[in-house]
Amino acid sequence: MTVRKDTLLAHLGRDSARYQGAVNTPVVRASTILSASVAEFEAAHSRRFTAPFYGRYGTATTRALEEAVAALEGGYRAIAVPSGLAAINASLLAFLEPGDHLLMVDTAYGPARRFCNEVLAKQGVLTTFYDPSIGAGIELLMRPETRVVYCETPGSLTFEMQDVPAIAEVAHRRGAVVLADNTWGTPYHFASFTHGVDVSIHAATKYIAGHSDAMLGLIVVNEAHWLTVRETVAAYAYSVSPDDCFLGLRGLRTLGVRLKQHQASALKVAQWLAGRPEIARVAFPALPGDPGHAIWKRDFTGACGLFAMELKPVSKAAADAFIDALDFFGIGASWGGFESLAVPVHAVRTATTHQPAGPMIRLHIGLEDADDLIADLETGFAALHLVAAR
Ligand SMILES: Cc1ncc(COP(=O)(O)O)c(C=O)c1O
């Protein structure tokens, strides 16, 4: 019987028989975990990455979250780390050594880009940024020492889709490992491992935790590369609190219903924005007409609530006035919580050019009523016009 993802979300990562009938896996707080004998202690050490041994490697709460997310995405195992950026950094560090070459998508999350330029560069790793639309053309950039090809689809500021299967086919043929930031797709909407990804990276801070109250990263890995990543995470001593893992597990239970609502509202708002005279373009792969729509439809089972709007030429002051006037959209980093957010887009590009018609604004469409959000955005446009007319 094929069990569908919504059913998995309700049942993965919990075992009430182990916890006196409690529906949820409890928060197991521990540094020391005692063994009954030396033999048991030594056996526990040899299983430290999969069973409780010492708090730094995680407790039963950590394992429950890891097992649930790995099964949901179809990976071999998952590893919880303290943030999405830690998931990115640890995954890169696991595979790259001095003299290696990394192919990094030009539209990657900004701090990931900085990690390549500022940390990996000092360690003798050369990064080449590549155009997200490159597809199989990535072959031309591959070198004998290319060890990692890194994808983020869509880019989380400007929303360009990538042809991951085409890129992965080339990377694997040339002996490179494929890493992908799947935060936007989530394990619910993008099956990384059937699209050629070896290591799937999640800022679980976003939709998995889902309530803007936890920092959490998850690395889901295939069998061939699991131990390499697990040992790197252990060597750098990345460790997550069981409380945050509990929040990740709690978030998972409603991931499916939340994503359905985020997608429906985001589509409604995006379609409304696309018809506004102030808008040059809405960058959202789920919208028919978006340059990435065909790939999104082919590879993803749905969308989330994050997209960007490109204004027609207008001053920064007018664009800022638009954001400042919004009541239901908070101004702040991150996304994927239950609430709506709006931030200006400042995209750094070196392999491609990013020349929007006017200022770009990234919106996260939360779980508020979509019509209320549209009314709020209307107020924003009124404020924009007031400043533009000055
Ligand atoms: C696409 C993407 N990846 C990774 C991260 C980093 O996640 P965290 O904030 O949990 O470190 C973010 C954060 O905004 C993100 O948008």
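This section describes the ligand site, the pockets and the cavities of a predicted model.

The ligand is surrounded by 14 residues, and the closest of them are G84, L85, D181, T205 and K206. By class, this shell consists of six nonpolar, five polar and three charged residues. Among the secondary-structure elements, helix α4, which spans residues 84–95, makes the largest contribution to the shell, namely three residues.

Oxygen atoms of the ligand have polar partners in the protein at several positions. At G84 the partner is a polar backbone atom, 2.8 Å from an oxygen atom of the ligand. At T205 a polar side-chain atom is found 2.6 Å from a ligand oxygen atom, and at W335 a polar side-chain atom is found 3.0 Å from a ligand oxygen atom. On its own, the ligand has 390 Å² of accessible area, of which the protein covers 92%.

The ligand is located in the largest pocket. This pocket holds about 670 Å³ of space. Its lining comprises 34 residues, with Y109, G110, P111, S156 and R362 the closest to the pocket centre. Helix α5 (110–120) supplies five residues to this lining, the most of any element. At least two lining residues each come from α4, α5 and β11, the last of these covering residues 340–344. Helix α4 is thus found both in the lining of the largest pocket and in the shell around the ligand. The lining of the largest pocket contains 16 nonpolar, 11 polar and seven charged residues.

The second largest pocket contains about 360 Å³ of space. It is lined by 20 residues, and those closest to its centre are T158, F159, E160, R281 and P291. Six nonpolar, eight polar and six charged residues make up the lining of this second pocket.

Closed spaces were searched for as well. Across the whole structure, three cavities of 30 Å³ or more are found. The largest cavity has a volume of about 50 Å³. Residues G55, R56, Y57, G58, T62, E66, I79, A80, R230, Y238, S239 and V240 line the largest cavity. Two or more of the lining residues come from each of α3 (60–73) and β1 (77–81). The lining of the largest cavity divides into five nonpolar, four polar and three charged residues.

How values were computed:
Residues numbered from 1 in each chain as written. Predicted model: local features only at pLDDT ≥ 70, side-chain atom pairs only at ≥ 80, totals over all residues. Heavy atoms only, no water. Near = heavy atom within 4 Å. Polar contact = N/O pair within 3.5 Å; in protein donor to acceptor, adjacent residues only side chain to side chain. Areas by Shrake-Rupley, 256 points an atom, 1.4 Å probe, with all protein chains shown as cover. 1 Å grid on protein atoms, 1.4 Å probe; cavity = no way out; pocket = protein on both sides within 12 Å on 5 of 7 lines; lining within 4 Å. Sits in = over half its atoms within 2 Å of the grid points. Helix = DSSP H or I, 4+ residues; strand = E, 2+ residues; numbered from the N terminus. Nonpolar A, V, L, I, M, F, W, Y, C, P; charged D, E, K, R; others polar. Points joined across faces, edges and corners; volume = space filled by probe spheres on them.
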